[in-house]
Amino acid sequence: DARRCGGRLMDQIVDVLDWLRDLASWRGSNGIATRLVEHVQISAVAVLASVLIAVPPALWLGHRRRFGLLAINLSNVGRAVPSFAILVVGTQLWGLAEVPVIGSVTVFVALVALAVPPIVTNTYVGVAEVPDDVRDAARGMGLSEGQILRRVEIPLAIPLIMAGIATSAVQVVATATIAAQLGAGGLGRFIIDGF
């Protein structure tokens, strides 16, 4: 019985490799290359929009060291809402509306909602955790609050900010696959069409 199961698995692996080697699989509007570009575009636009939405307020709040608990808790509420639920509700609200560059409005909103929380949390914590001694030294040198943020806090917080963006990017790329259930493109089409 185990031998039969292993044989079926090997047959499936060979079938997948044959499909990948077939040049017809890479061409046309349903080809691997086209779907890969769609997936990257869906993901990149959502991550970029999330950075533009999340970073400025988190920088400001982190610099002020105020409302941190509120900011982090509000962003974590976004993590609690499943992306698939946002896709279902979004489909009811906006239908399958398509917009140039961002693609499906519903998919875009779901992916942005998924990407914002880690960016807000990491950006806030990165800036807020800059040591007081460093801030005081910058003030003692005559830097304004804006200069302290730009020249001192952001450079020190960059590793944590980038970690939040990387976490968001991984989640968005993985979740963009389920967008195919709404008729969106991307690599998820191969899974949905395969079923």
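Is Ala169 buried, partly exposed or exposed? Good morning, everyone, and let me answer that one straight away. Ala169 counts as partly exposed, because its relative accessibility is 26%, and the partly exposed class runs between 20% and 50%. Before going on, please keep in mind that this is a predicted model.

So where does Ala169 sit? Its place is in helix H7. If you follow the chain back to Ile32, you cover 137 residues, and the C-alpha atoms of Ala169 and Ile32 are separated by 21 Å. Ala169 also takes part in the contact that H7 makes with H2, and that is my next stop.

Let's look at that helix pair. In general, two packed helices are described by the angle between their axes and the distance between the axes. Helix H2 covers residues 32-64 and helix H7 covers residues 145-175; the two pack at an angle of about 145°, and their axes are 9 Å apart. The crossing of H2 and H7 is right-handed. From the H2 side, the residues in this contact are His39, Ser43, Ala46, Val47, Val51, Leu59 and His63. They meet a list from H7 that includes Glu145, Ile148, Leu149, Glu153, Ile154 and Ile161, and also Ile165, Ser168, Val172 and Val173. By class, this contact has twelve nonpolar, four polar and two charged residues.

I'd like to pick out one residue there, Ile148, which is found in helix H7. Ile148 is buried, because its relative accessible area is 0% and the cut-off for buried is under 20%. Not counting residues up to four places away in sequence, Ile148 touches His63, Arg135, Ala138, Arg139, Leu143 and Glu153. Compare its position with Leu59: Ile148 and Leu59 are 89 residues apart in sequence, and their C-alpha atoms are 12 Å apart in space.

Just past the end of H2, have a look at Arg65. Arg65 is placed in the loop between H2 and helix H3, residues 68-80. Its phi is near 55°, which is a positive value in a residue other than glycine. Arg65 is partly exposed, with a relative accessible area of 32%.

Now for the second helix pair, H4 and H5. Helix H4 spans residues 83-94, and its packing angle with H5 is about 145°, with the axes 8 Å apart. H4 passes H5 in a right-handed crossing. H4 brings Ser83, Ile86, Leu87, Gly90, Thr91 and Trp94 to the contact, while H5 brings Val105, Thr106, Val107, Val109, Ala110, Ala113 and Leu114. Those residues divide into nine nonpolar, four polar and no charged.

Let me stay with H5, residues 105-128, and move along to two of its residues. Thr121 is in this helix, and Thr121 counts as buried because its relative accessibility is 14%. Leaving aside its neighbours within four places in sequence, Thr121 is in contact with Ile72, Ser75, Asn76 and Arg79. Then there is Asn122, also in helix H5. Asn122 is buried, with a relative accessible area of 16%. With neighbours within four places set aside, its contacts are Leu160, Ala163 and Gly164. Asn122 and Pro159 are 37 residues apart along the chain, and their C-alpha atoms are separated by 9.3 Å.

On to the empty spaces. How many cavities of 30 Å³ or more does the structure hold? One. The largest cavity has a volume of about 30 Å³. Leu87, Val107, Ala110, Leu111, Thr175, Ala176, Ile178 and Ala179 line it. H5 supplies the largest share of that lining, three residues. Sorted by class, the lining has seven nonpolar, one polar and no charged residues. You may remember Leu87, Val107 and Ala110 from the contact of H4 with H5.

Last comes the largest pocket, which holds about 160 Å³ of space. Twelve residues line it, and Ile42, Glu98, Ile102, Gly103 and Ser104 are those nearest its centre. Two elements give two or more residues to this lining, H2 and strand S2, residues 103-104. H2 gives the most, with four residues. The lining of the largest pocket divides into six nonpolar, four polar and two charged residues.

That's my tour. Thank you for listening, and I'm happy to discuss.

Terms used. Residues numbered from 1 in each chain as written. Predicted model: local features only at pLDDT ≥ 70, side-chain atom pairs only at ≥ 80, totals over all residues. Heavy atoms only, no water. Buried < 20%, exposed > 50% of the residue type's maximum accessible area, 1.4 Å probe, protein only. Contact = heavy atoms within 4.5 Å. Axes fitted to C-alpha atoms, helices over the stretch in contact; angles between N-to-C directions. Left-handed = near helix turned anticlockwise from the far one by under 90°. Nonpolar A, V, L, I, M, F, W, Y, C, P; charged D, E, K, R; others polar. 1 Å grid on protein atoms, 1.4 Å probe; cavity = no way out; pocket = protein on both sides within 12 Å on 5 of 7 lines; lining within 4 Å. Points joined across faces, edges and corners; volume = space filled by probe spheres on them.
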